Amino acid sequence: LLRLANVDGSGLQNLAIATNCPDLNRVDYANVQKQLMTMLAEIGAAAAEAHSKPVVQAFLAFIRYDFGWTSSFFTKHEGTELGLDVDLTGVYAVEHRGLLTERGRRIDETRCILWLKLISKFRNPQQLPRAPTLYSLFLRMITRGDNEMQRHALGCLLAWRQSGVHPYAENLRNLVDEKRFRDEIKTFDLAVNGQSINIVHREQLMPILLRVLHGQMMVRNGKASRKDGMRIRRAVILNAMVGVTQEELRFFVGIGLETFRTTILRATPRELLANAESPEPFSLTFNGASASTTDKMDVDSDASALDTDEQSSISEYVGAGAEMDNVSSKAQISFLHLQMELIRSLGVKATPVFHEAFAVILSSVAWAQRELDVANDELEALATEQTGDDSQATEDSDADNDSDMDDAQSYVSDDEDMDVAVAVGKKSARGDIEHRKSVAREIRQLAIKCITRMFVLEPPNFSFAPYMQCIYEVAIDPRIDNLASENTQNSSALLLLLKSWTLTPKYYPYLVDYNPLTFPMLLDILVAPKVQSSVVSLVLGILQTFLDYDPQVAVHKYELSAESAEAYGVLVKGMIQRHISRILSHMRTCFSNSNLNSATTATQSGGSGNLVMHQIHILSRVAEYATEETQDAKALLDLLLPTLKRPGSVVPARTKGDVLNIMLRFIPLVIDPSVSAIAKDEQQHLLAGYLNSISSSFGRLRLDSARATLSRILSTLAKFDRQLQG
């Protein structure tokens with residue numbers, strides 16, 4: 001039966017005889033093997049175990065040569081041939097004999113499950129040849145997001161009857177049962193101080209349990225296959241892991257990172273993996289035990305020779321981005337979703353895996369950006385080719401009109417068929433390119449969202465500095481010129497990343513130290529065509545955060561030293577001062593475009609007037625930084641003075657107070673001869689208009705603070721008008 005279940009070239013005659021089919025070209029090999037394996041699993045398990053050597057050889061040969069997703073497993077665990085008596089490399093695709101033209105993935109999975117059913121019935125698997133290799137293989141299989149395969153692979157592992165695993169066999173089986181999963185995950189307490197797991201059993205149980213849970217996050221069954229269903233499933237599993245140890249958590253995340261092992265090794269700066277102040281080198285080793293030394297990350301143990309101040313090089317990440325060609329986009333998207341759910345559910349407990357995660361995330365961004373650039377070039381070439389074809393078709397059409405009508409008619413049908421075929425081919429090519437762009441764009445967006453969540457978390461013992469140069473070069477610099485145009489309708493993931501750098505003063509330098517265009521391009525969003533008010537509010541919020549910064553408050557709020565708090569204050573002031581002209585110019589444009597009088601009326605209904613009020617408040621705060629922006633100051637005063645005459649129900653008293661503060665700062669810029677470039681006659685005319693507005697405002701404004709500001713403005717005007725001095 002074993003010979004028939006794994007036919008080699010010399011056994012085809014026996015297979016034909018067994019199936020009563022003398023014509024080898026008509027043998028249904030897959031069905032015959034399925035029937036034979038089913039019989040072995042049902043009634044021949046004892047006999048198969050008695051002849052374990054050929055069974056194990058045949059099973060590993062099938063896994064190695066037919067089940068491609070485990071090919072790397074043998075590269076790590078074996079490195080040599082399996083020592084089989086016959087070469088089975090080409091057994092299952094003998095095209096010249098017509099046994100099987102093409103084998104589907106489902107057929108292979110069915111055959112694998114039959115093998116697992118057989119081995120799970122062995123009574124003493126520890127004594128099987130290559131038992132450690134089999135055990136490691138089953139561990140890998142239970143991480144697969146397939147309930148049926150997980151169930152049978154788990155059965156093989158439970159056959160080992162380990163003292164730390166066997167008491168929890170029913171719990172593990174329930175976790176791979178779709179009907180019982182929800183109830184089991186709620187009642188089975190994974191916490192280290194919980195009542196469900198004996199502390200002495202964790203060392204043997206947790207490697208299996210965590211792999212099962214990781215596989216369950218990838219399961220797609222019925223409603224669980226929907227996007228929301230997958231997200232909820234991940235959240236349920238991660239919430240159940242809140243009480244596990246840090247080592248167990250790193251092990252769990254490491255299961256997903258195994259796909260990106262090469263990327264982590266080549267992309268992560270070694271000083272981050274080896275430095276004693278950073279997490280220990282990542283490995284799928286659990287509790288110091290590993291199936292093979294090749295499982296451990298190849299990180300130099302001597303970190304003293306490394307320059308810990310050296311920042312990561314973009315070339316490392318670009319190279320890693322190229323290595324992502326060997327990783328499916330589905331695997332990248334799955335990992336990014338997992339990382340976001342991990343941060344959401346575990347918070348700062350997820351910090352120990354940030355270094356390894358950053359290597360994968362940044363490599364994914366680099367890969368996605370490269371894919372988008374290539375796709376755009378291909379679309380441009382396709383459009384150019386199509387334009388050339390159109391012109392060629394026009395020339396051909398003119399030539400046909402000059403020929404004999406019968407000859408022309410004879411070629412019409414052929415030409416039309418050819419044109420239709422070419423058009424369909426180009427449409428298909430364009431659709432394929434657009435699909436690649438869509439996938440790459442999704443990966444880039446998810447990766448940037450992951451980075452944003454890391455920053456929002458504000459991990460206390462993690463430094464982002466070594467990654468900042470790379471973040472800019474792969475995520476920000478390629479898109480900085482289009483920042484305004486990409487954020488008109490909604491806030492993009494990139495804009496939210498920039499917003500996250502205002503959460504704590506430690507992040508403030510990230511907006512100015514790596515690209516001088518970042519902050520001015522951020523301000524340009526305010527005047528982007530058709531920009532939505534929600535986006536404008538977000539940018540204004542960034543400005544207000546900087547304007548509200550107080551070093552003395554920051555010392556206590558953010559636990560900063562006095563020197564650091566003052567340094568951040570200098571940074572913020574310098575940033576606003578360097579761009580004050582741009583800010584005032586953009587505010588002028590905003591007020592001009594919003595039709596200030598009609599916009600303020602909308603305040604009663606909570607409409608766009610609230611945004612205008614916010615803009616006026618921000619302008620009152622930045623006005624103190626203006627020193628020589630005469631024309632912008634004059635234009636802004638002309639736009640804002642009419643608001644002082646509006647009723648209090650339309651323009652609140654607080655907003656009128658902001659307008660007065662703006663006047664107090666801007667009037668000297670406009671009418672002071674030593675500063676203003678405006679003609680003297682016009683200055684006198686402006687002074688009279690300002691005086692009239694201030695005088696009439698005394699009768700409308702009742703707040704003491706507003707009337708005090710009016711008095712200060714009059715004192716300022718008196719410096720430039722002798723009659724007022726008298």
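1. A crossing of two helices is called right-handed if the near helix is turned clockwise from the far one by less than a right angle, and left-handed if anticlockwise. In this predicted model, helix α12 passes helix α14 in a right-handed crossing.

2. The geometry of that pair can be stated further: α12, covering residues 202-216, and α14, covering residues 246-257, pack with their axes 10 Å apart and at an angle of about 40°. The two helices are therefore oblique to each other.

3. On the α12 side, the contact is made by R202, M206, P207, L210, R211, L213 and H214, while α14 contributes E248, F251, F252, I255 and G256. Sorted by class, this contact of α12 with α14 holds seven nonpolar, two polar and three charged residues.

4. Turning to helix α8, which spans residues 131-141, one finds that the helix is mostly covered, with nine of its eleven residues buried. The buried residues are A131, T133, L134, Y135, S136, L137, F138, L139 and M141.

5. The largest nonpolar core has 191 residues, and those that touch the most other members are F59, I471, W501 and F666. Helix α19, residues 354-402, supplies the largest share of this core, namely eleven residues.

6. As for F59, one of the residues just named for the core, its contacts, leaving aside residues up to four places away in sequence, are with W115, L116, I119, L134, L137, F138 and M141. Among these partners, L134, L137, F138 and M141 also appear in the list of buried residues of α8, which links the surroundings of F59 to that helix.

Definitions and conventions:
Residues numbered from 1 in each chain as written. Predicted model: local features only at pLDDT ≥ 70, side-chain atom pairs only at ≥ 80, totals over all residues. Heavy atoms only, no water. Axes fitted to C-alpha atoms, helices over the stretch in contact; angles between N-to-C directions. Helix = DSSP H or I, 4+ residues; strand = E, 2+ residues; numbered from the N terminus. Parallel < 35°, antiparallel > 145°, perpendicular 65-115°, else oblique. Contact = heavy atoms within 4.5 Å. Nonpolar A, V, L, I, M, F, W, Y, C, P; charged D, E, K, R; others polar. Buried < 20%, exposed > 50% of the residue type's maximum accessible area, 1.4 Å probe, protein only. Core = buried A, V, L, I, M, F, W, Y, C linked by side-chain atoms within 4.5 Å.
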